[in-house]
Amino acid sequence: MTPAIKSHWDSHSGGILLVCVIAAAATFLSEHYGAPVMLFALLIGMAFHFLNGDPAFSPGLEFSAKTLLRIGVALLGLRLSIGDVESVGLSAVAAVAGFVIATLACGAALSFLLGRRLAFGLLAGGSVAICGASAALAIASVLPPRSGREQDTLFVVIGVTALSTIAMIVYPVLFAALGMSDLESGFLIGATIHDVAQVVGAGYSIGEEAGVIATFVKMVRVALLPVVMLLVMASFRGAQTQRLSLPWFLVLFIALAVLANTVPVPQGLSDAAGALSRWCLVIAISALGVKTSLATILKVKPSYGIILLAETLFLLALAVAFVIGLGL
């Protein structure tokens with residue numbers, strides 16, 4: 001190990017090791033108690049906020065919250081597949097894309113009506129429309145820097161994780177009460193619940209068919225993440241520049257998605273990439289937790305919570321209306 005690398009590791013190791021331990025503890029608790037790992041990572045991380053300003057931990061926390069986040073988001077590309085499009089039909093896939101764009105627009109409109117910044121509306125709308133905490137982190141990474149951005153991101157992560165957990169329990173009961181078939185319920189769960197894990201849990205709680213359809217529809221939403229990130233970037237930078245540059249991790253996300261759908265990827269490699277992506281995201285969430293105090297979260301204005309809840313109900317209403325009106 002060269003002196004430069006050793007010096008770099010020594011300055012970062014404290015923070016990295018701290019959030020790795022938090023991520024491991026969060027994973028253990030999630031596996032044994034069934035609650036979302038992201039929520040455990042956030043809460044445990046916030047308990048160590050007193051270490052945020054310590055020079056022994058700060059560089060590693062910054063690296064974990066940014067660089068590891070980007071690596072985790074990029075590796076999500078290998079999880080995308082288009083092989084099951086025929087199971088729900090092209091019209092349903094197009095409808096899912098419409099839901100995503102409409103929810104993003106809803107977030108922007110609500111932020112304007114409630115006097116909040118456009119960036120928060122797009123951050124909240126994108127997290128609800130795509131894949132919850134992972135999308136929130138990805139979208140936050142392409143928003144222009146601003147004081148309080150990490151606090152906004154953390155609040156959105158907490159909010160969508162909580163709403164997704166509630167939806168995992170309530171939505172299967174709701175769709176059964178509405179007389180939906182397994183196919184229709186699976187589509188609705190995949191189109192409306194925020195986090196991937198909760199989509200899988202809710203779908204398979206109904207049945208095998210619902211679980212498969214829910215997972216596929218969710219992946220369609222995840223596939224739109226780079227499109228939403230580009231829209232967010234253009235909203236803030238398109239008017240100032242002639243050329244829109246893409247972050248390296250977004251380019252890698254797209255490249256891996258193309259690779260996964262054009263050439264056979266060994267299952268072992270795909271599984272390893274998925275596990276690495278998950279760990280990177282959990283570690284990044286842990287770092288964000290350490291960097292933000294609970295007192296800061298409690299000061300968030302109620303209008304932020306209203307925006308998240310309204311977007312969730314808006315997306316649900318759109319999807320239910322589509323299934324009732326047109327069917328699958």
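Analyst: Helices are DSSP runs of H or I with at least four residues, and strands are runs of E with at least two, both numbered from the N terminus. By that rule, Glu311 is found in helix α15, residues 302-326. This is a predicted model, in which local features need pLDDT of at least 70, side-chain atom pairs count only at pLDDT 80 or more, and totals for chains, interfaces and linings use all residues. Residues are numbered from 1 along each chain as its sequence is written, and side-chain values use heavy atoms, with hydrogens and water left out.

User: Why is Cys106 called buried?

Analyst: Buried means under 20% relative accessible area, exposed means over 50%, and partly exposed lies in between (1.4 Å probe, protein chains only). Cys106 has 13% relative accessibility, so Cys106 counts as buried. Cys131 is buried too, at 4%.

User: How many disulfides does the structure hold?

Analyst: The structure holds 0 disulfides. The test is a pair of cysteine sulfur atoms within 2.5 Å.

User: What makes helix α6 mostly covered?

Analyst: In α6 (residues 133-140), 8 of its 8 residues are buried. Among them are Ser134, Leu137 and Ile139.

User: What makes Glu62 and Lys66 a salt bridge?

Analyst: A salt bridge needs a side-chain nitrogen of Lys or Arg within 4 Å of a carboxyl oxygen of Asp or Glu. For Glu62 and Lys66, the N to O distance is 2.8 Å, so the pair qualifies. Both residues lie in helix α3 (residues 58-75), 4 residues apart, about one turn of the helix.

User: Which residue besides Lys66 does Glu62 pair with?

Analyst: Glu62 also forms a salt bridge with Lys291, at 2.9 Å between the closest N and O atoms. This pair links distant parts of the chain: Glu62 sits in helix α3 and Lys291 in helix α13 (residues 267-291), 229 residues apart. Glu62, Lys66 and Lys291 are thus linked in a network of salt bridges.

User: Are these residues buried or partly exposed?

Analyst: Glu62 is partly exposed, at 29% relative accessibility. Lys66 is partly exposed as well, at 38%. Lys291 has a relative accessible area of 12%, so Lys291 is buried.

User: How do you know that Glu311 has no salt bridge?

Analyst: Lys and Arg count as positive and Asp and Glu as negative, while His and the chain ends are not counted. The nearest side chain of opposite charge to buried Glu311 is Arg221, 10 Å away.
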